[in-house]
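Reader: I've just opened this one and I'm not sure how to read the place where two chains meet. Can you walk me through it?

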Amino acid sequence: MNDTASTARDSASTDPGGKPGRIGDVILRVENITMRFGGVKAISDVSFDIRKGEVRSIIGPNGAGKSSMLNVVNGFYQPQEGSIWYNGKTYSPMRPHDAASNGIARTFQNIALFKGMTTLDNIMTGRILKQKASLLEQAFYIGRGRSEELEHREFVEEVIDFLEIQAIRKTPVGRLPYGLQKRVELGRALAAQPTLLLLDEPMAGMNLEEKEDMSRFIIDVNEHFGTTIALIEHDMGVVMDLSDRVVVLDHGSLLADGTPDEVRKNQAVIDAYLGVAHD
Amino acid sequence: MTGSQTYSAAAMPPSADLPNLDIYDTFPKLLRYNAQRHGTRPSMREKSYGIWQSYTWAEVKDEVFRFAAGMKELGVERGDKIAIIGDNRPRMYWTICVAQCLGAIPVPVYQDSVAAEIHYPLEHAEVRFAVVEDQEQVDKLLSIKDRLPKLETIIYDEPRGVRDYPQPFLHHYDVVVARGAELLAQDPSLIDDEVDKGQHDDISIIPYTSGTTGNPKGVSLSFRNVMRAAYNGAIFEGLRSTDESLAYLPIAWIGDHIFSYGQAFICGFCVACPENSETVLTDLRELGPTYFFAPPRIFENILTTVMIRMEDAGTLKRKMFHFFMDHARKVGVKILDGKSVGLVDRLTYGLGELLVFGPLKNVLGLTRVRIGYTAGEAIGPDIFSFYRSIGVNLKQLYGSTEAAVFITIQPNGEIYDDTVGTPAPEVELRIAESGEVMFRSPGVFVEYFKNPEATKSAKTEDGWVHTGDAGFVDDRGHLKIIDRAKDVGKLNNGTLFAPKYIENKLKFFPNIKEVVAFGHERDYCACFINIDLEAVGSWAERNNLSYASYQDLSSRKEVYEIVRAHVEKVNRDLSQEEMVAGSQIKRFLLLPKMLDADDGELTRTSKVRRGFIAEKYQPLIDALYDPNAKTGTIKSEITFEDGRKGMLDATVDIVDVEQFTSAGGGFKAAAE
Amino acid sequence: METFANLLGVDPFSIWFFFEVLIGGLMAGVMYSLVALGFVLIFKASSVFNFAQGVMVLFAALNFVGFLEVFSDLPVVLQVALAFIVTMAVMILLALVVERVVLRPLVNQAHISLFMATIGIAIFLEGFGELIWGSNIKPLDIGIPDDVTFVGDAMIQDSDLFAAIVASILVVTLALFFHYTRIGRALRAVADDHQAALSIGIPLNHIWIIVWSVAGFVALVAGIMWGSKLGVQFSLSILALKALPVLILGGFTSIPGAIVGGLIIGAGEKLAEIFLVDAIQTYIYSGFPAAIEEWFAYILALGFLVFRPQGLFGEKIIERV
Amino acid sequence: MFYREAGQFKTSYAADQQMLPIPMDRYFVIGVVLVAAILIPAFGSQYWIESIMVPVLILSIAAMGLNILTGYAGQLSLGTGGFMAAGAYMSYKVATNMPDFLPVWIPVLVGGLFAAAVGIAFGLPSLRIKGFYLAVATLAAQFFLLWLFQSIPWFVNNSVSGVPSAPPTTILGYHVTGAQAIPEAKYLFVLTFVVILAIIARNMARSRVGRSWMAIRDMDIAAELIGIRPLQTKLSAFAISSFYCGVAGALWSFCYINTVEPTAFDIGRSFDVLFMVIIGGLGSVLGAFLGAAFIFLLPIFLNNVPGWFGLEIATDIVAHLEFMIFGAAIIFFLIVEPHGLARLWQIAKEKLRLWPFPH
């Protein structure tokens, strides 16, 4: 981990006022979510909140319901019970389009890029909700059909620059190595200028160097764009370094919720998870 | 020998297209001029955010003035030094001009140096301000800041990662420029007044040269030095405002300063910066510069890549490629030089241009090159003529920081692969008694900054500068550099002996990896040769010659025969050159092992350690100089690749080589 | 305007007439099922959507008729048996060739490429079959009874009954084959997981050959049934397209689905042709055109799909990200 | 080999996002269009223009249409013939009932729009079903629509034969549709549609709508989660695809076969167009042209081959052989280049750009 980054993190987590204004009010509340698949309970009665500007991690052993939780938050799964309170409105359930159009973007555990398109086009898809040109304008590439393309390209180029993927701009993503695909996927999410960014195991399968890069990008996104981040990650070092607060799930239930330090010291967590994973 | 003769080129008549340097006598004044004259023409481009972002001269002038105003408020005073550390970015170049606007002196520093290397020039130049590219450079400076008491303020361009640094002396470029814009709005003549104060003989820049020994020296160059030299180079080559060049070599290097800054300001042409150092070749291809500079190493790498990539081509295409390349070797250079060539040859070449040369230049990005320079070290004749034969007007030039680059340039139509050309306009050249090349020109530096002793030993009272290189001017009036002056020796019969010159000639053969030539204070020249395992090995494979080891391969008669032919060829070349004709190689042997840095035979930068080798292989040298010995025997400790030590015990053959009489003598060069 | 039923001079609302139409439909459905079965076998084992199944029916029938001709000097039983065996050999040969020439080179290509390739096979077979055996309509008579039997007032074709019996035997045979032979179990395994099939020790290539051979066998049976009923002619391959809605209804991977789907489609379209058209013409719009049989099966299947996208017997898919 | 890209750099996004960013390509396409618009009508033989260029161009439109649906949006359709028929019948109805002063392209467009509406209706199930299930479902459109137009005499103005002739219409006094039209006029009329529709297709492919289609095609779930509405997107693909097919169907009836008849739009036509798209190359406008030419010309070529060698073969045998070779050619092609002619073209282009290097 990059030194300056973890220092910044530490000061923020021990003293939320240390970085003036970085962490604000609650913007999302998960309220008593219960989710079943057939007869199996994937999530049972889980509640927690996410504050504006923080990095919130969701951890837990395999099958703890972490990914399902993210899927509920951005509306891909509709839970049987409970609701999502987001930015002043209650959604029960959240629908994918609501989530996307209200500034929730995400990446996926197994990369879900559009394989036949280039890096540039993939990231451009992140801007789709912001494009308003009519079909005719697009068909003739006139008016907004043209001006929007240029305008959003400019923004997308900033994302590309930010993620340092200039060299692969026009490469079809199917040909890229895994680490770069993950980065492109992050780019697609960032292109939507999300208020809340959900990252599902952004570092899975990466080597150390790639993990460091990715951590740096996550910190930069959080600090410089003020984007709130909810993160699922298995690498405990990364989680503890990056997060302001951590939710621990186990077998679909909430096990603990607090700062990395609190969670680290929580006996239930140690028993269920950390003690085993921290080898 | 004509040691005291002076060779010089007359000043060329000033060009009507270029500004009058008596009026526009500093770069900031030129900038104002260009903003008027070439206002809407591009001044700089930078590949960023996916396209070539372009800035016109008018925009650049406004930006430079804004930044200058901001810097002035930060406390820059006339005579201050401003360090510039960063990759080739427009803002880095603009900073040079900003400093000059304010009467301060830019000190460009190599951006890839580690913090410890940066420390000396910054401390020595008493730098108060540093303008740097990004977090990496900021971090370097912060790590040595407490040892740089004079350094007050750091301005960074790329805010990423630096934004939250707490240090109060860190400023973001954008913020300084924005502040400058406000100041200019209040007082529009703020910077113009400062620019007007600039004088032709003010120091314009202090680049630091890395000496082989001791600390780097700061070379104080005045506006006169840089501008006159750049101007002369520009009229010599007919540079114009429509030219485009790619700035990818370090800003701190004098060549880049002249080509990408000095000449760009004088001619008003456009300089483009690549996206980053990894994309240079792609960017080169996109941009297609008309004015291009690269050290021999880069031309060599490109050529190697070309050959390797062609190896993968289908048989037919490969045959076609080689057919036309062979043809180009025969007539390409002549066509480029405008000499008469038979119609059939010309048509064949035209077909080659369509099928091979044109596309090849295109994929390499050299299609539009009008003038290409290479310098810095000797370029292999094969490499040099490859580019010329496909129609790239590549030339060698000889220069130094102390000359503001130009000493000699190869004039169009008079390009020889073994010379570095004739004196540039207004340059006087002299070969000292010792054989050392000396020059005098408007570009001659003012002094070594804060180092009068060094200045004195490098520059005579009447302005002649020692280059430290040995060379001579041939009968065509072209300068030929043979070696560093201190390495040049003499044979017992008094003939000049330039080991590196001979070694380089041999090393241009792909089969030869390393050469050590002996001859100083001996009767004749003889040498050790290392074959190139890869090249000779693949030759052996093709000819079904099996071998067990390097030592085995080196001892083969067939291999000796190949090398002997190479040596003979070199002798023949040497015989053509009056100065060195007497130092033809008489005998050689193939060393049974590769010279190796692990055994102390090479330096870590792969330079031959002559003295050490002479000692270690004394018996072999003795054998070389024993006319009766047909073999030599050596016992020595060696290190294997896996680090084990072992004993080398070998007997090697010694081969005599034919000597040729000098030019005009009785032999006829076999056509090859 | 007179309805179809009126023309026949029957009381359209007689229960016997309804029964008769239903039986006729079900019997036609059995035919569809036979073709659909071939699709399912291949799709299950190799995810190849075999558009050539219909033409394979035609091709098998053409060969069968052709070989009957060749062996016309022999006693009837021997003649039929020999023709059957030789045709089966041709179908196995076809499977070998298809595997070697088409499937193997395309093994990792997109499904749509394989699908298109089977259309290529269909076109090729159509030309090939007719090149060898000619394109005129050939009657096929192997002694399938062509009397009618009355159940109450309902008239039932004996040939239909025969077809139903043959189809039932075929289905039972296949079921036994899949459950009780090693190859059958391997085929079932491969449908779920190619690796699993490999672990049984049968190379994928062999599985393809076997499954295409079995599909060829099914096609041959279907071809004989249909050929005896309609004559062996080009339109058999078009009729075979009717198996497609059966597949939607029954699911691409379900053998029972193919059977049940076939019955539903067959019965549904016949009943609709008679009764739905009649009802519409009587009560809604007298100008309503007949011959909805051409598309009714598709619309029925489509409507069905909208409510149960995985088909009758398919499993619900849970999508994951 | 012919490319000289050094120095052709882009200084703005507008330049970088042009339809054909490489100047060489631009000149080439402009050249092709000029040849098609001037040289071919001036020097081409009547047979070539009327019996080859016109149908190939019309089929290219249909192939572009299906390519939008299948190649870009990933929705396999076997109902192309039905959508073409919708365009043909509705254009006929409009052309024969509209006031004379209205220009002839209006009925063609109305036919396209009608086909688009029909396309939307049959695209609705695509929200629930995918892949081959959808493909089979689109057969419903094929059979239902043909039955509909055949069975409802309103579409053909209650014509007795049910197969009316295409209405003769004029532009600037020249007949451009129907049997009286001279081939050159028909050809230019068709070419105008082709050029405009090709430009529109390219524009859509590089705009939001095209990216939405491709996103749905490549990973529908992810597309939905970034805010792309699956139903809207799929239906827009169905609508626009069917519009193209409808226009193609109208032109086919008006400018090529000169009658409005269902057999021209049967399932065989659907498969032909699908072949064009696959052989031409999925997701490529150029591929639609290459595929249309290939599939249309292959049988003509096969038909003529025996003649060139002076062989006398019975016509029915030629027909069978033609089938076999056609089928085999398709299989061969899928094996050799599963990504279609457009990919071959692209590879050739890349080779030329890198020439003399092999890669």
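Author: Sure, and keep in mind that this is a predicted model. A good way in is the area that two chains hide from their surroundings: between chain D and chain C, about 4,000 Å² is buried, with carbon and sulfur atoms giving 83% of that.

Reader: Which three residues supply more than any others of the area that chain D buries against chain C?

Author: Look for D:Phe132, D:Tyr133 and D:Trp147, which together supply 19% of chain D's share.

Reader: And how many residues does the contact take from each chain?

Author: Chain D brings 38 residues and chain C brings 50. On the chain D side, the residues split into 32 nonpolar, four polar and two charged.

Reader: What about salt bridges and polar contacts between chain D and chain C?

Author: The salt bridge count is zero. For polar contacts, one residue pair turns up across the interface, with both residues at pLDDT 80 or more.

Reader: Which helices of chain D should I look at?

Author: Try H6 (131-151), H11 (267-280) and H13 (315-336) of chain D; each supplies at least two residues to the side touching chain C. H13(D) gives the most, with twelve residues.

Reader: How do I read the confidence, say in chain A?

Author: Where pLDDT is low, don't read the predicted coordinates in detail. Chain A has a mean pLDDT of 86, and 90% of its residues reach 70 or more. Among its elements, helix H4 (residues 119-125) has the highest mean, 96, and helix H1 (residues 3-14) the lowest, 40. Residues 1-20 of chain A have pLDDT below 50, though this stretch has 19 contacts in the model beyond near neighbours in sequence.

Terms used
Residues numbered from 1 in each chain as written. Chains lettered and ligands numbered in written order. Predicted model: local features only at pLDDT ≥ 70, side-chain atom pairs only at ≥ 80, totals over all residues. Heavy atoms only, no water. Contact = heavy atoms within 4.5 Å. Buried area = accessible area lost by both parts, 1.4 Å probe. Salt bridge = Lys/Arg side-chain N within 4 Å of Asp/Glu carboxyl O. Polar contact = N/O pair within 3.5 Å; in protein donor to acceptor, adjacent residues only side chain to side chain. Helix = DSSP H or I, 4+ residues; strand = E, 2+ residues; numbered from the N terminus. Nonpolar A, V, L, I, M, F, W, Y, C, P; charged D, E, K, R; others polar. pLDDT = per-residue confidence, 0-100.
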